[in-house]
Amino acid sequence: MRVQDRGVGIPRKQLKRIFRRFYRVQTRGFKQVKGTGLGLYIVRSIAHAHGGRVFAQSEGEGRGATFTLELPRLAS
Ligand SMILES: Nc1ncnc2c1ncn2[C@@H]1O[C@H](COP(=O)(O)OP(=O)(O)O)[C@@H](O)[C@H]1O
Ligand SMILES: [Mg+2]
């Protein structure tokens, strides 16, 4: 499953870090955007529990982001 947006994008260096617990990218004005930094950590935990994976791609700041969730057809 793939979800794509045309939002603020994600700097290349942060593409893996955003899945850490409580991690939030500290771009200008990020404190005005509510969040806990838990959402993607939970997504990754559930993906792993099912033998799957999730990753983010982005061309960079201001260029949107794409999240891909892969799950196996059969649990091993
Ligand atoms: N679609 C997105 N576009 C740009 N940055 C994102 C997107 N989704 C998540 N992020 C970045 O990853 C961080 C972690 O996301 P998440 O775990 O969902 O926590 P939260 O949304 O509560 O901050 C966000 O704070 C933000 O910096
Ligand atoms: Mg979120």
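In this predicted model, ligand 1 sits in the largest pocket, where a molecule is counted as sitting in a pocket if more than half of its atoms lie within 2 Å of the grid points of that pocket. A pocket is here an open set of points on a 1 Å grid over the protein atoms alone, where a 1.4 Å probe fits and protein lies on both sides within 12 Å along at least five of seven lines, and its lining residues have an atom within 4 Å of a point. The largest pocket has a volume of about 640 Å³, a volume being the space filled by probe spheres set on the points. Its lining comprises 25 residues, with Val8, Gly9, Ile10, Ile18 and Val25 nearest the centre, and the elements that contribute two or more residues to this lining are α1 (39-49) and β3 (65-70).

Around ligand 1 there are 15 residues, the closest being Asp5, Arg24, Thr36, Gly37 and Leu40, where nearness requires a heavy atom within 4 Å. Polar contacts (pairs of N or O atoms within 3.5 Å) involve the backbone: an oxygen atom of ligand 1 is 2.7 Å from a polar backbone atom of Leu40, while backbone N or O atoms of Gly37 and Val25 lie 2.9 Å and 3.0 Å, respectively, from an oxygen atom of the ligand. The protein covers 76% of the 530 Å² of accessible area that ligand 1 has on its own, as computed by the Shrake-Rupley method with a 1.4 Å probe.

The protein chain contains one helix and three strands, taken as DSSP runs of at least four residues (H or I) and at least two residues (E), respectively.

Residues are numbered from 1 along each chain as its sequence is written, and chains are lettered from A and ligands numbered from 1 in the order in which they are written. Local features need pLDDT of at least 70 and side-chain atom pairs count only at pLDDT 80 or more, whereas totals for chains, interfaces and linings use all residues, and side-chain values use heavy atoms, with hydrogens and water left out.

Conventions: A polar contact is a pair of N or O atoms within 3.5 Å; within protein, one must be able to donate a hydrogen and the other to accept it, and residues adjacent in sequence count only if both atoms are side-chain atoms.
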